Amino acid sequence: MKKTKIKFRKSISGRLMVRVLIVSAIIFTLTFAVFLRMAANKMREEAVDHAHREMSNTIHQIDAVLHAVEIAVENTAWIVPHRLASPDFMYAITERLLQNNEFVYGCAVAFEPDYFPSEGHYFSPYSFRDEKSGEIKSMQLGNDSYDYHYMDWYQIPKLLNKPYWSEPYYDEGGGEKMMTTYSKPLYDSEGKLYAIITADLSLEWLTELVGNIKVFEKSYNLMVSRNASYIVHPDHELILNETIFSSTYGDEDESLKKLQDDIVNCRAGEVLRNKEGQKFFVFYSPVETTQWVVAIVCPRSELYMEVKMLRNFLIFLGVIALLLMIAMNYNGIRKVVAPVEDFSGVAKKIANGDFTAELPLIKSQDELKELHDSFEYLQRSLVNYIAELKSTTANKERIESELRIAHNIQMGMIPKIFPPFPERDDLALSAKLVPAKEVGGDLYDFFIEDEKLYFIIGDVSGKGVPASLVMAVACRLFRSVASHLDKPEEIMSSLNDSLADGNESGMFCTSFLGILDLKNGQLKYCNAGHNAPLIIETNGRVLPMRVEPNLPLGLFEGFPYEGQEIKLEKQMKLYMFTDGINEAENNDKELFGDDRLIALLKLNASKTPAEIIDETFSEVKHHADGAEQSDDITVMCLQYY
Amino acid sequence: MKNILCLMCFVVISAFHGYGQKITFSPQWSAQSQFAGYYAAFENGYYAEAGLDVSIVHPTHSYSSINMLKDGTSDFITCELIQAMMASDKGTRLINLLQTTQHTTLVLISHEKGIRLMSDLAGRRIGTWKAGFSDIPYIIDKEHNLGIEWVKFINPLNIYISGAIDATLGKSYNEGILFSMSGITPGSLLRFSEMGYDYPEDGLYVSEKYFKKNPELCRKFAEASRKGWEWVRNNRKEAVDIVMKYVKKENISTNIYNQKWMLEEVLEMQEDIKGEAPSFTLNDNAFFWLNEVLLKYGYISKPVEFQQLTGGKQ
């Protein structure tokens, strides 16, 4: 037998592999996802720590410089009150601060308006480092165009009564350098403010210091002042022009709110921001001295770069693992499943009649062994069954053959050559018997003796062989008894007694028996539980014949049958039938019925007996509409002229 | 022949370059969107088309645009109506050519929440510009005897952040936006217009003397300036770009976002009724109210005549 090639996807091994693959892939994916999530969290934590550590170092350095400036001012400020008698000495003080502190760019002692009447409204000695020569130069700072009393560095510490670091600014006279000024208010013995001493600090170093923090490959650093202006940013255009919130003005989101809140309240933290479709982590930490904020901005993708690489590696590893799994397991599964294909081949052989086809050898004690045993049992059962079937079939064929013979014998027992009396012109007679099975229990017979027509129609109870035997007996008895008796009731009684004798099976036979005197049309008849024959009158009327019911033949020996008599008018027809006619059913179990029969006969009243019988069978067949014939059908019709 | 050709070339070039009446215009503050209409009129050539050769010169924090008009540095200036009325009272009679702000943009920004009136800050320290613009708050202080300690500043941002003052005056188009961009969430931000003090502010002015001498030129300048503002209203993005050009030229520390939002607020304040096209004319009702208030508290010695201030055009 040719082995059918099963596609991989439809084979058990294929489906098993696919299922294993899917389940494994799901398990791998879930495991990897959890692992990656944990790794991402860990990496984020480390990144946060790393960023804050770096920022903390930088902030310490910034604080150190700022603290040095504060110390420098402190160390100088104490001299001022001792030299108030000579205002010009203030220049010496500011110069000295610069001489002693190289990191300080400028220093001023700015007095309250009109503090020294001799010096006028503005008096603010100021020393600074000349950009070109590097020399320390001095000047008086205040005038109508530069009213320092309203400058932040003067006004805010004055109002706050405490030292103040100004917000960074571009020094117009200092070569556009970004500066910040530390201001300390000075008070007289009565606690009244009379001057502010300041030290200017160039912030160029700050840009370098903050800019040099390198935490991530693609991160950049920035610093904002208390008013959120950028003081360090890779884009120099933004410095002191934009604030960290300029571009998001009007926006409202949680991360922005947190960032704003933390910056205003001088808190460290981190937020995830979305800028032009890209996500960034912003790590930030404040410089407490000035409340400026150092921040590291890192693309989220950069932060998770290692996670991404790990993810890709795990995906690669997963795919390799799955491929290995396929390679290693496929052959194993194929080996396990191979006997199933062998069994399939055996099944096909069995289907083709080879019940002893050799089964595959199964050594294991598993489901396949069970399948093998089942196949073995199936083979044995089939061999036995076929043997039995052969025997049964032979018997059946024999019985059928015998039945065919019995049918022929039975049919041979009834007259079947029509017209039966072609030489007579006073009688037309026709009959037809169609058994439901090979042999049946209906009967009819007739013969003429002494110008008298003896005829009988009957229906043995039941069907098949038993009924046919009774029918055969009844036919033989009719022939042998009728020729000796001339009264129908006597013939009927004789038939009854003979059939009832030893009738242990309780079978019976309904019959209608008649003796028609062909000379005068006098009809003597006797009915034994049979359907009343129908008389078709010459005018087309159809009437049931008046009959005594009597008992069917074979039931009670000695039953007194009552005969009747009628004179048939010329041309009248006598229509006799068994219940196979009126009780013929169609597929809807609807009976042919007496009314339909009478209507049929009325319609065909003028036809010959043979034609009427043909019409009857045709109409019954039409009514049955293919439904199986359930009972024997017999019709006999005669016409007396 | 050569000389004639040279002369013709000069005439043609002069015409193309808008060589005409030389005038100087000074807005009342440093370059920002508050003056976008004038920058646009210049950049779009509206002044040149009107035959005006305009120079825009900004004042300093300590020398106002009115001072520049007085000393002859500028021919046309912008200033607030109150400043114009006070200057007129003091002898520098000004003519209003264009009213570009119909409402007060003055706001009160405080650290404390729930401030509804100035009287809620009685006895407290409130920041105010050294340059002025705060006359009405001063009058309210006097009127209600609030005892407010006024702290003058040049720039309110850092002094406010430092906590040295309890509240500050500001302009809605300026501090109102700038504070927010600096990460500040004020406890309260109150518009003076919401407190019942709504009066026109910025306008385009010229001295009466100049106006009488050059009425046609003044009309042309006002018309071109108005055209500039109308263009700005319909071309806001481009207008901000023009403003940024002036900002950079003047080396002003600001950014495009700040100027964008400032322009939005300035344009809204130009409308007499929100949503309607601006009339650019002075409302006499508010003018008479200001006259009364300023007179009562001695900011002016006699009522300023509406007809005089508007040059008899209204």
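**Talking through a predicted model**

Modeller: Let's start with helix H5(A), which lies across E8, E10, E11 and E12 of chain A and runs at about 140° to E10(A). Keep in mind that this is a predicted model.

Colleague: Okay, what makes you say that H5(A) lies across those strands?

Modeller: Contact means heavy atoms within 4.5 Å, and H5(A) lies across E8, E10, E11 and E12 of chain A. The angle of about 140° to E10(A) compares directions, each taken from the N to the C end on a scale from 0 to 180 degrees.

Colleague: What sheet do E8, E10, E11 and E12 of chain A belong to?

Modeller: They sit in an open sheet of five strands with antiparallel pairing, in the order E9-E8-E12-E11-E10.

Colleague: Which are the edge strands, and what makes them edges?

Modeller: Strand E9 (230-232) and strand E10 (269-275) of chain A are the edges, as each pairs on one side only. Neighbouring strands in this sheet are turned by 35° against each other on average, direction ignored.

Colleague: How do you know that strand E8 (residues 220-224) of chain A really pairs with E9(A)?

Modeller: Pairing needs at least two bridges, and E8(A) and E9(A) have two, in the antiparallel sense. So the pair passes the cut-off of at least two. Val224(A), for instance, has Tyr230(A) in E9(A) as its bridge partner.

Colleague: And what does H1(A) touch on this sheet?

Modeller: H1(A) packs on E8, E10, strand E11 (278-287) and strand E12 (292-299) of chain A, and its direction makes about 40° with that of E11(A). One residue of helix H1 (residues 12-77) of chain A is His52(A). Leaving aside neighbours within four places in sequence, its contacts include Glu270(A), Phe283(A) and Tyr284(A).

Colleague: Why is the link between His52(A) and Glu270(A) called a polar contact?

Modeller: The side chains of His52(A) and Glu270(A) are joined at 3.0 Å. A polar contact needs N or O atoms within 3.5 Å, so 3.0 Å fits the distance cut-off.

Colleague: Back to H5(A): why is the pair Asp262(A) and Lys258(A) called a salt bridge?

Modeller: The closest N and O atoms of Asp262(A) and Lys258(A) are 2.9 Å apart. The limit is 4 Å between a side-chain nitrogen of Lys or Arg and a carboxyl oxygen of Asp or Glu, so this pair counts. In general, side chains of opposite charge can pair when their charged atoms come close.

Colleague: How far apart along helix H5 of chain A are Asp262(A) and Lys258(A)?

Modeller: Asp262(A) and Lys258(A) are about one helical turn apart, because they are four residues apart in helix H5.

Colleague: What about chain A and chain B: how many salt bridges are there between them?

Modeller: There's one, between Lys130(B) and Asp147(A), with the closest N and O atoms 3.9 Å apart. That value is within the 4 Å limit, so the pair counts too. Chain A and chain B also share twelve residue pairs in polar contact, both partners at pLDDT 80 or more.

Colleague: Which helix gives the most to the side of chain A that touches chain B?

Modeller: Helix H3 (152-160) and helix H5 (254-264) of chain A each supply at least two residues of that side. H3(A) gives the most, with five residues. The side of chain A that touches chain B divides into eleven nonpolar, eight polar and eight charged residues.

Colleague: How much area is buried between chain A and chain B?

Modeller: About 2,300 Å², with carbon and sulfur atoms giving 56%. Tyr150(A), Leu159(A) and Tyr249(A) supply 29% of the area that chain A buries against chain B, more than any other three residues.

Colleague: There's another sheet, too. In what order do its strands E14, E15, E16, E17 and E20 of chain A run?

Modeller: The order is E14-E15-E16-E17-E20, again open and antiparallel. Its edges are strand E14 (442-449) and strand E20 (563-567) of chain A, each pairing on one side only.

Colleague: How do you know that E14(A) and strand E15 (residues 452-460) of chain A pair?

Modeller: Eight bridges join E14(A) and E15(A), and the cut-off is at least two, so E14(A) and E15(A) pair. Ile448(A), for one, stands opposite Leu453(A) in E15(A).

Colleague: What is notable about phi at Glu451(A)?

Modeller: Glu451(A) has a positive phi of about 55° although it is not a glycine, and it lies in the loop between E14 and E15 of chain A.

Note on methods: Residues numbered from 1 in each chain as written. Chains lettered and ligands numbered in written order. Predicted model: local features only at pLDDT ≥ 70, side-chain atom pairs only at ≥ 80, totals over all residues. Heavy atoms only, no water. Buried area = accessible area lost by both parts, 1.4 Å probe. Polar contact = N/O pair within 3.5 Å; in protein donor to acceptor, adjacent residues only side chain to side chain. Nonpolar A, V, L, I, M, F, W, Y, C, P; charged D, E, K, R; others polar.
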